[in-house]
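Hi there,

Here is the structure I promised to pass on. Have a look at it first, and then read on for what turned up.

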Amino acid sequence: MPLTILHADLDAFYASVEQLLDPSLRGLPIAVGGGVVLAASYEAKRFGVSSGMPAARARQLCPGLRVVGGHVREYQRLADLVMAVFDEFTPHVQRISIDEAFLDVSGSIHLFGDGATIGTEIRSRVRSRVGLPISVGVASTKHLAKVASQVAKPDGLVVVPHGHERAFLEPLPVGLLWGVGPVTEAKLAGRGIYTIGQMAAADHGMLRSLLGEAVGTKMADLAVNRDHRSVRPGGRSSSVGAQSGFGRSTATAQLIRAVLGHLADRVSSRLRASERAGRTVTVRVRFARAGRASRSVTRSHTLDDAVSTTLTITEIAERLVGVALADHPDETEISLLAISVSNLRPQPALQLELPVVCDDPLRPGSPVGAARWAVDRSIDAVRLKFGRTAVGYAGVALSPYHSVPDEFRELAEH
DNA sequence: TCTGGGGTCCTAGGACCC
DNA sequence: TCTGGGGTCCTAGGACCC
């Protein structure tokens, strides 16, 4: 028996929430974001406005565009309500971002009806209870369900009947395949491949040499709807990171320290909140030079022990940025810094009190690490009670380098 | 107009071990 | 002494997704 997989995806999510909260925005072209567009309503998309675009550019394309601020808390709350609707049909729900999920309803059909019936009912409940439009794709594999939901947008349902998968895929552009972006699309176009059908007919060896072993094999499989991935509930991220863009600036020690301090604070407090720590610290530096495309480099360091203390991560990051700058002596201006911690493992709060875990990885045997744990735990506790801005490290909390308000940063979290 | 921020996965070379 | 193969880990970069 073929499986029945649904992919459910809220339409223009942030923009739809804003229109839900403020009825005067309904039917109007709107964009959510500050300097850049995080989401555009369908009315705005018709003018060519898309996410990731600078707001100034979006206004040029769409003169009547309303740019609205983000109701960050509402996004999370409403998305969670939608996910709760999914749970009513099956426990096999895999959330893949704030606003979309896969559902394996194969075992629910005898209770609720076939995939089309369940998809229709989900759309109806989300509309009536939450008030948001949602598109649903129904198919026998995850990948095809995802393609179907894209075809269904906006506010639609597309069912791909079993046995008709390849006929459905054949005429569609390769860009609809999950994993095909601008670069891959251009490479395929160079071989005269524009549709999924053309890709299915292409020589597999050629695809692998053109796109690389893994991507080539995957594409050859997807084009003929070979997709054996199952819907897996849960799953935590395998890295935690933060970045900050601040416009072209001279790379002074003060700037670097202030930005890294702030980033390390965000990353480490999130690590501790999820009771995790990581062994690998990675920094990214984006160089900015007038009249030339910016480029970024990364430097990473893997420690013997996992860390999650603010000051330790700050110090490692500072050292790594120093290495990156030393490797590029001709670059004097930077426009972005990022810190990411990976190689994560559980670190229960209880363990934090143990001296052996508190060892300072930069200076093994040093009691400094233990003191840092205590300070971080205290800061976490105060913030839990009085809010993030109540307390922090001097020079971090007072730093002027906060180009984007923290609420906006949290848009992309989770 | 190269703009924001938070992620995943893949590739390729080198070190190291068996 | 040289040769071979396989596996794992680390590092840097890049494509892609929301």
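Which residues does Leu-103 touch, leaving aside those up to four places away in sequence? In this predicted model, Leu-103 is in contact with Leu-6, Ala-8, Phe-86, Phe-89, Thr-90, His-92, Val-93 and Val-231. Leu-103 belongs to the largest nonpolar core, which has 51 residues. Together with Leu-6, Ala-31, Ala-39 and Ala-148, Leu-103 touches the most other members of that core. There is also a second, separate core of 28 residues, with Val-267, Val-285, Ala-317 and Leu-337 among them. As background, nonpolar side chains in soluble globular proteins tend to be buried together.

For the overall picture, chain A contains 16 helices and 12 strands. Of its 414 residues, 36% are buried. If you take the contacts in chain A between residues at least 6 apart in sequence, 63% of them join residues at least 24 apart.

Two helices are worth opening in your viewer.

Helix H6 covers residues 115-130. Its 16 residues should span 22 Å at 1.5 Å a residue, and the end C-alpha atoms are indeed 22 Å apart. Gly-115, Ile-118, Gly-119, Ile-122, Arg-123, Val-126 and Val-130 are the buried residues of H6. They lie on the same side of H6, because they cover an arc of only 135° around the axis. The general reason is that an α-helix has 3.6 residues a turn, so residues three or four places apart point the same way. Ser-124 and Ser-128, on the other side of H6, are exposed. The cover over the buried residues of H6 includes strands E1 (5-10), E7 (134-139) and E8 (157-159), as well as helices H4 (72-87) and H5 (109-112). Right after H6 comes Gly-131, with a positive phi near 90°.

Helix H14 (residues 310-327) has 18 residues and reaches 26 Å from its first C-alpha to its last, close to the expected 26 Å. Its buried residues include Thr-310, Ile-313, Ile-316, Leu-320 and Ala-324. Ala-317 is buried in H14 too, and this residue is part of the second core.

Finally, the DNA. Strand C is surrounded by 18 residues, and the closest are Ser-97, Gly-181, Val-183, Thr-184 and Thr-302. Helix H9 (182-190) and strand E11 (295-307) are the elements that give two or more residues to this surface, and E11 gives the most, with six. By type, the surface near DNA strand C divides into six nonpolar, nine polar and three charged residues.

Happy exploring!

Conventions. Residues are numbered from 1 along each chain as its sequence is written. Chains are lettered from A and ligands numbered from 1 in the order in which they are written. This is a predicted model: local features need pLDDT of at least 70, side-chain atom pairs count only at pLDDT 80 or more; totals for chains, interfaces and linings use all residues. Helices (H or I, at least four residues) and strands (E, at least two) are DSSP runs, numbered from the N terminus. The expected span of a helix is 1.5 Å times one less than its number of residues. A residue is buried if 20 or more other C-beta atoms lie within 10 Å of its own, exposed if 12 or fewer, and partly exposed in between; C-beta atoms are placed from the backbone. A residue is near a molecule or strand if its C-beta atom, placed from the backbone, lies within 6 Å of it. Ala, Val, Leu, Ile, Met, Phe, Trp, Tyr, Cys and Pro count as nonpolar, Asp, Glu, Lys and Arg as charged, and the others, Gly among them, as polar. A nonpolar core is a set of buried Ala, Val, Leu, Ile, Met, Phe, Trp, Tyr and Cys residues joined through C-beta atoms within 7 Å. Two residues are in contact if their C-beta atoms, placed from the backbone, lie within 7 Å. The arc is that of the directions from the helix axis to the C-beta atoms.
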